[in-house]
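Thanks for coming, everyone. I would like to spend a few minutes on how some helices pack in this structure and on the spaces the chain encloses, so please have the view open as I go.

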Amino acid sequence: IAHLINNQILILGSLVFMILLVLISKSKYFLSLMLFYLPWSPVLKIAPGSISFSTIAIILMLIKLFFWEKAKVPKKECLIIAILLIFTTIAKIILGHVYTLDYFLFLIMLLFFVIYCRNYHDELSFPTASYFLTFGIIAACFASLNLMDLPHMQGYINVYTWENKGLVRLSGFYGDSNFYSAQLLVAITCNLFLLIFQKGNLKILTVILLVTLIYCGSLSVSKSFILILAITLFLWLINVLFLKKQGKLKVFILITIIVIGVLITSFGLFADEIEMYMVRFGMVENVSSLTTGRSDILENYLNFFYRNPLMLITGQGYTNILYDAVNNRASHNTIIQMLYQFGIIGTIILINWIVSLSQYFKNKTQKNSLVYIGLLITILVGFYSSWVALDMLYFDDFFYFIVLFLVIKKYIAEELKKEE
C-alpha cells in the first residue's frame, strides 16, 4: 500500500514494522516469516538499489541470538566458516581483489544459519514454513500485477515485453522471470508434499494453492519452469503410487486431476499462458535458443577454467567480478558460479558447511527406504533443478532453500515413520 500511493514515510514505517515483527516474534518462527518476505525482498527497500530490509533483519536477528537469547555457538561450523574466510582472503590477495559488503554479508548468512539451526532445529515446522512461503509468493504475485504499471515502481518491477512476439513475461518483484519461477517451483514442491500427509479439508486448500501457484508461475512464460514442473509432478505421482496406506490420497488425486482437466477444457483456463508458451517453444532452433544462450555462457566459463587452472583451484575469493573471458556475463549456473568464486577448494569447504548443517536435521529412526529416497529425489528436482540455469549464490534463496530442504527432509522421515 505504501508503494502504491508512493508515500516515503509510510514505506519507511512499514519496513520498520516488518523488522519489529521479525524481532519480537518467537525465534522459531523466523524462518517462516522470512520465507514469507522472500518474494517481497526486492521492494523491502527505501529506494531501488538500496539495501534490502530483509538483510538488515538477518543482522539484527544475529545480534538478538548472541546477546538476548545467549544462543549456543557451534564450534565445528564456525571453524569451517573461519577456514573459508582465510582461504578466500588468500585468493583475494593473490588476485588483488578487495573486500566488499556482499562478501561480509555472505559470511554473516553462513554464521547466522548455523547458530539458528543449532538452537531451533527441533522447533522448525515444515507445514508452517510452507504456508508462509506460499502465501508470500501468491500475495507478491498479485501485488506486482497491480503495481507494475505505476511509473514510480519501474525501478522495482521489471516486465519483459517482446512486442514482436506478442509476449509479456512477469517476474513478481524480481528483475528476472527465472528467479521468480524458481521460488514458485519450491513452493509448489512443498505443497505437493503437504498434500501427501495432510488430512481432511487441508487437502482441498492445498490443491487450491497448487493451482494458484502454477498460474502465477505460468505468467513468467519460463521454459525452465514448465519443464521442471512437469518432471517434478511426474516423479511425485510415481512416488505416491508406491506409498503404503494412501489409498484415499490416490483416489483424491485422480478425482482432482479429472476436475482440473474438465475446468481447463470447459472454461479455457490457462489458455493465454499456453499460447505464450507455444510461442516461446516455437522460437527454439538449437540448444542455444532452447537454453536462451546459457549453453554458450557455460562453454565460455569452461574454456576460461581450461585456460586458467589456478582460478579453478582458488576461485575469485567471492567478488562481484564476472567478466574478461566470459564477456561480462554471469554464469547462469550456481555450480559453475561456486567454482568461479570459491574454486574447487572453497567449494569443498562450502559443501562441508552444508553437510555439517544437515547433522541437526537427522532422523535416526528413519530407514533409507526406496520410497524415502524417491521422495527426496523429487524434492531435489523441484528445489534445485532451476539452479542449473541461475546464479543463486548471490541471493538469500541460496540459504533459505538449503535450510527448507533439510526441514522438509526431516518432516518426511517423521511422517513415513508414523505410517509404518
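In this model, which I should stress is a predicted one, the axes of H3 and H7 come within 7 Å of each other and cross at roughly 20°. An angle under 35 degrees counts as roughly parallel, and H3 and H7 are therefore roughly parallel to each other. Their crossing is right-handed. On the H3 side the contact is made by Ser32, Leu33, Leu35 and Phe36, and on the H7 side by Thr128, Ala129, Phe132, Leu133, Phe135 and Gly136. Sorted by class, the contact of H3 with H7 contains seven nonpolar and three polar residues, and no charged ones.

These two helices come up again when we turn to enclosed space, since helix H3, residues 30-37, and helix H7, residues 126-147, each supply at least two residues to the lining of the largest cavity. The structure holds one cavity of 30 Å³ or more, and the volume of the largest cavity is about 50 Å³. Which residues line the largest cavity? They are Lys28, Tyr29, Leu31, Ser32, Glu123, Leu124, Ser125, Thr128 and Ala129. By class, that lining divides into four nonpolar, three polar and two charged residues.

The largest pocket, by contrast with the cavity an open space, has a volume of about 1000 Å³. Its lining is made up of 40 residues, of which Lys45, Asp102, Tyr394, Phe395 and Asp396 lie nearest the centre of the pocket. Helix H4 (53-68), helix H6 (101-120) and helix H18 (397-419) each supply at least two of the lining residues, and the largest share, five residues, comes from H6. The classes represented in the lining of this pocket are 22 nonpolar, twelve polar and six charged residues.

Let me finish with another helix pair, namely H10, residues 223-241, and H17, residues 370-384, which pack at an angle of about 170° with their axes 9 Å apart. An angle over 145 degrees counts as roughly antiparallel, and H10 and H17 are therefore roughly antiparallel to each other. H10 passes H17 in a left-handed crossing. In this contact, Ile228, Ile231, Thr232, Leu235, Trp236 and Asn239 of H10 meet Val371, Gly374, Leu375, Thr378, Val381 and Gly382 of H17. The residues of the contact of H10 with H17 comprise seven nonpolar, five polar and no charged.

Notes:
Residues numbered from 1 in each chain as written. Predicted model: local features only at pLDDT ≥ 70, side-chain atom pairs only at ≥ 80, totals over all residues. Heavy atoms only, no water. Axes fitted to C-alpha atoms, helices over the stretch in contact; angles between N-to-C directions. Helix = DSSP H or I, 4+ residues; strand = E, 2+ residues; numbered from the N terminus. Parallel < 35°, antiparallel > 145°, perpendicular 65-115°, else oblique. Left-handed = near helix turned anticlockwise from the far one by under 90°. Contact = heavy atoms within 4.5 Å. Nonpolar A, V, L, I, M, F, W, Y, C, P; charged D, E, K, R; others polar. 1 Å grid on protein atoms, 1.4 Å probe; cavity = no way out; pocket = protein on both sides within 12 Å on 5 of 7 lines; lining within 4 Å. Points joined across faces, edges and corners; volume = space filled by probe spheres on them.
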